[in-house]
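Got your viewer ready? Let's walk through this structure one selection at a time.

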Amino acid sequence: MAFSLNFAPQVAVPVMPTPARGYWSKVLRQLMRDPVAMTAALVVFLIVCAAVFAPWLAPMDPYKGSMIKRLLPIGSEGYMLSRLMYGGRLSLLMGVTPVLAAFGIGTSIGLLAGYVGGRLNMIIMRVLDVFYAFPSVLLAVAISGALGPGMTNSILALTLVFVPQVVRVAESVTTQVRKLDYIEAARMSGASAFSIIRVHVLGNVLGPVFVYATGLLSVSMILAAGLSFLGLGVKPPEPEWGLMLNTLRSAIFRNPWVAALPGLLIFITSIGFNLLADGVRSAMDIRR
């Protein structure tokens, strides 16, 4: 199973500064007209709400169990529903946190490399190119294995996998934006590099990088669950979808529906994030 993270966001780089409020309102209106994206957003919202409010919604204690009720048919009284709801809390945390961290770190490094250029750009990009020598799955497993099992180490490993991807996008967009006329005009007026980046560059770079980062959410969910499935993520008895899928795999021939439920939730959540990211990408590709 391999994932390719080297896809470029289909978002046009703005050629001149435009009012942010008007642009984002257009993006929101365009997004709300997309039925597929709205359906995906609703599904993701419901899953997030079930995970957040699990302490109030779960009928049983997720840390208890029963060997007798463990493989009862779907709909029977048992602990599976509670563990699935609580498992969503850890699965979403492990899937979303690395992307948010990579978004912040990667955007900062990409802005620096793209705006300064020259030797600094070459050094940063050549160092990050080392990460591209390894498939993302193997790199995540290798880093997580070196750090040791645990949720914190898994989040750190996934963050290290995603940062180079975000840096490449941020550096590419920044390199294009810094050559535009209004950036040159700002330099000629005596504005500092920090002011130019904060006022003129950052707003134009955040959009494409944000679109790319939303696309990483689905991949992050699958990789996080995969690490737990391999024993490199959350440790028992914590409820987490990847770990639950591992513990229930021996029962797949006796009660396949119950054993497949954690995997089904991983699939639905990742597809929801992916379709929502596609909708955001299309909505942001607005002719100005």
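**Stop 1: a glycine in a helix**

Start by selecting Gly272, which sits in helix α11 (residues 256–284). Helices here are DSSP runs of H or I with at least four residues, strands are runs of E with at least two, and both are numbered from the N terminus. Before going on, know that this is a predicted model: local features need pLDDT of at least 70, side-chain atom pairs count only at pLDDT 80 or more, and totals for chains, interfaces and linings use all residues. Residues are numbered from 1 along each chain as its sequence is written, and side-chain values use heavy atoms, with hydrogens and water left out.

Is Gly272 buried or exposed? Gly272 is buried, with a relative accessible area of 4%. Buried means under 20% relative accessible area, exposed means over 50%, and partly exposed is in between (1.4 Å probe, protein chains only).

Now add Ala40 and Val44: leaving aside neighbours within four places in sequence, Gly272 is in contact with both. Contact means heavy atoms within 4.5 Å. Select Met38 too: Gly272 and Met38 are 234 residues apart in sequence, yet 9.8 Å apart in space, C-alpha to C-alpha.

**Stop 2: a nonpolar patch outside**

Stay with helix α11 and pick Phe267, which is found there. Then add Val36, Val43, Leu264, Ile268, Ile271 and Leu275; with Phe267 they make a nonpolar surface patch of about 540 Å². Helices α2 (35–52) and α11 are the elements giving two or more residues to this patch, and α11 gives the most, with five. Patches are made of residues with over 30% relative accessible area and no salt bridge; like charges are joined within 9 Å, and nonpolar side chains (Val, Leu, Ile, Met, Phe, Trp, Tyr) within 5 Å. The areas come from the Shrake-Rupley method with a 1.4 Å probe, and for residues only the protein chains shown count as cover.

**Stop 3: salt bridges**

How many salt bridges are there? The count comes to three, where a salt bridge is a side-chain nitrogen of Lys or Arg within 4 Å of a carboxyl oxygen of Asp or Glu.

One is still in α11: select Arg281 and Asp278, whose side chains meet at 2.7 Å, N to O. They are three residues apart, about one helical turn. Arg281 is buried at 13% relative accessible area, while Asp278 is partly exposed at 31%.

Next, jump to Arg126 and Asp129, bridged at 2.9 Å, N to O. Both lie in helix α5 (residues 118–129), three residues apart. Now show Arg168, which has a salt bridge with Asp129 at 3.0 Å, N to O. This pair links distant parts of the chain, since Arg168 is in helix α7 (residues 151–177), 39 residues from Asp129. Together, Arg126, Asp129 and Arg168 are linked in a network of salt bridges.

**Stop 4: the inside**

Finally, select Met80, Leu158, Phe162, Val177, Val201, Val205 and Trp241: they have the most contacts inside the largest nonpolar core, which has 61 residues. Its largest share, 14 residues, comes from helix α9 (residues 193–229). A second, separate core of eight residues includes Tyr23, Leu31, Val211 and Ala283. A nonpolar core is a set of buried Ala, Val, Leu, Ile, Met, Phe, Trp, Tyr and Cys residues joined through side-chain atoms within 4.5 Å.
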